[in-house]
Amino acid sequence: GKAGNAVLPARMGELARIMIIRRHLPRDHGSIPLIAGTLIAQRILGSLATLIVVVLVALTMPLPVPMPDLQLVVAAAAVAVLVWVLLRGRIRVTDRITRLVPRRLRHMLASVVEGAGILRLRGPAIASIGMHLVAVVAQLTTVACLLHAFGVATPASAPLVVLAMVTLAGLLPTSPGGIGVAQAAIVVPLGMTYGVSADLALGFALGLQATIRIVAVFGGLLGDDECDAIIAA
């Protein structure tokens, strides 16, 4: 999915991701709604992990914009969401929602909910959140290393700001990999918040974008080949 989003416009990598996963699954487990449900669950858990990291950073280091009251609200919301996701394993969401949708869509909805079944399993959900936490920390570390490599002198909170802006820019269905939009989303905050010159911020933004694209494309190709090797074995 990341590789597709890095080279295709309008975040078409998500659709390619579903079709590639489907190619590796048996026919009875390869329905598009079922796979879409797993990706929705992954997005939810990934967003929760990102929220946890943001809350921890906001509570432990000074941010460019003071927001003491908001920190407590966000922390309480993060704890509430975490408890809600991990403790609702026996709630039958399907039975309640299917009554509100047309009969033709009930089977599709049931497949989506089945695909998102990890949200009802406490152990796997915690493990997934843990892996997402590692991924977010790795992304922050990458941004911090690139800031240092390009000689951008910023406080410790800068990687969080950059990662947040890159993520928001990636949500927009624009050019492949968000080229142009992502650079603007990095250059403007670095200049306005930390006083980084435009040319230095642009050089860092281009370096970050190149790193993301190279890792995504090569990682995607290697991962797809690995899946084929496992299935062949």
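**Reading a loop, a patch and a helix**

Reader: Where does Met12 sit?

Author: In this predicted model, Met12 is in the loop between helix H1 (2–7) and helix H2 (13–23).

Reader: And how do I read its accessibility: is Met12 buried, partly exposed or exposed?

Author: The idea is that buried means under 20% relative accessible area and exposed means over 50%, with partly exposed in between. Met12 has 39% relative accessibility, so this residue counts as partly exposed.

Reader: Which residues form a nonpolar patch on the surface with Met12?

Author: Leu8, Leu15, Met19 and Ile32 join Met12 there, and together the five have about 400 Å² of accessible area.

Reader: Okay, helices next. What should the span of H7 be?

Author: You allow 1.5 Å a residue, taking one less than the number of residues. H7 covers residues 122–149, which is 28 residues, so its span should be 40 Å; the end C-alpha atoms are 40 Å apart, and that agrees. Just after H7, Gly151 takes a positive phi of about 70°.

Reader: Which residues of H7 are buried?

Author: Among them are Ala125, Ile129, His132, Val136 and Leu140. Take His132: its relative accessibility is 17%, which is why it counts as buried.

Reader: What does His132 touch?

Author: Leaving out residues up to four places away in sequence, His132 touches Gln42, Leu45, Gly46 and Ala49.

Reader: Where is confidence highest, and where is it lowest?

Author: Confidence is highest in H7, at a mean of 90, and lowest in helix H5 (residues 93–97), at 54. For the protein, the mean pLDDT is 76, and 71% of the residues reach 70 or more.

Technical notes
Residues are numbered from 1 along each chain as its sequence is written. This is a predicted model: local features need pLDDT of at least 70, side-chain atom pairs count only at pLDDT 80 or more; totals for chains, interfaces and linings use all residues. Side-chain values use heavy atoms; hydrogens and water are left out. Helices (H or I, at least four residues) and strands (E, at least two) are DSSP runs, numbered from the N terminus. Buried means under 20% relative accessible area, exposed over 50%, partly exposed in between (1.4 Å probe, protein chains only). Patches are made of residues with over 30% relative accessible area and no salt bridge: like charges are joined within 9 Å, nonpolar side chains (Val, Leu, Ile, Met, Phe, Trp, Tyr) within 5 Å. Accessible areas come from the Shrake-Rupley method with a 1.4 Å probe; for residues, only the protein chains shown count as cover. A salt bridge is a side-chain nitrogen of Lys or Arg within 4 Å of a carboxyl oxygen of Asp or Glu. pLDDT is the predictor's confidence in each residue, from 0 to 100. Contact means heavy atoms within 4.5 Å.
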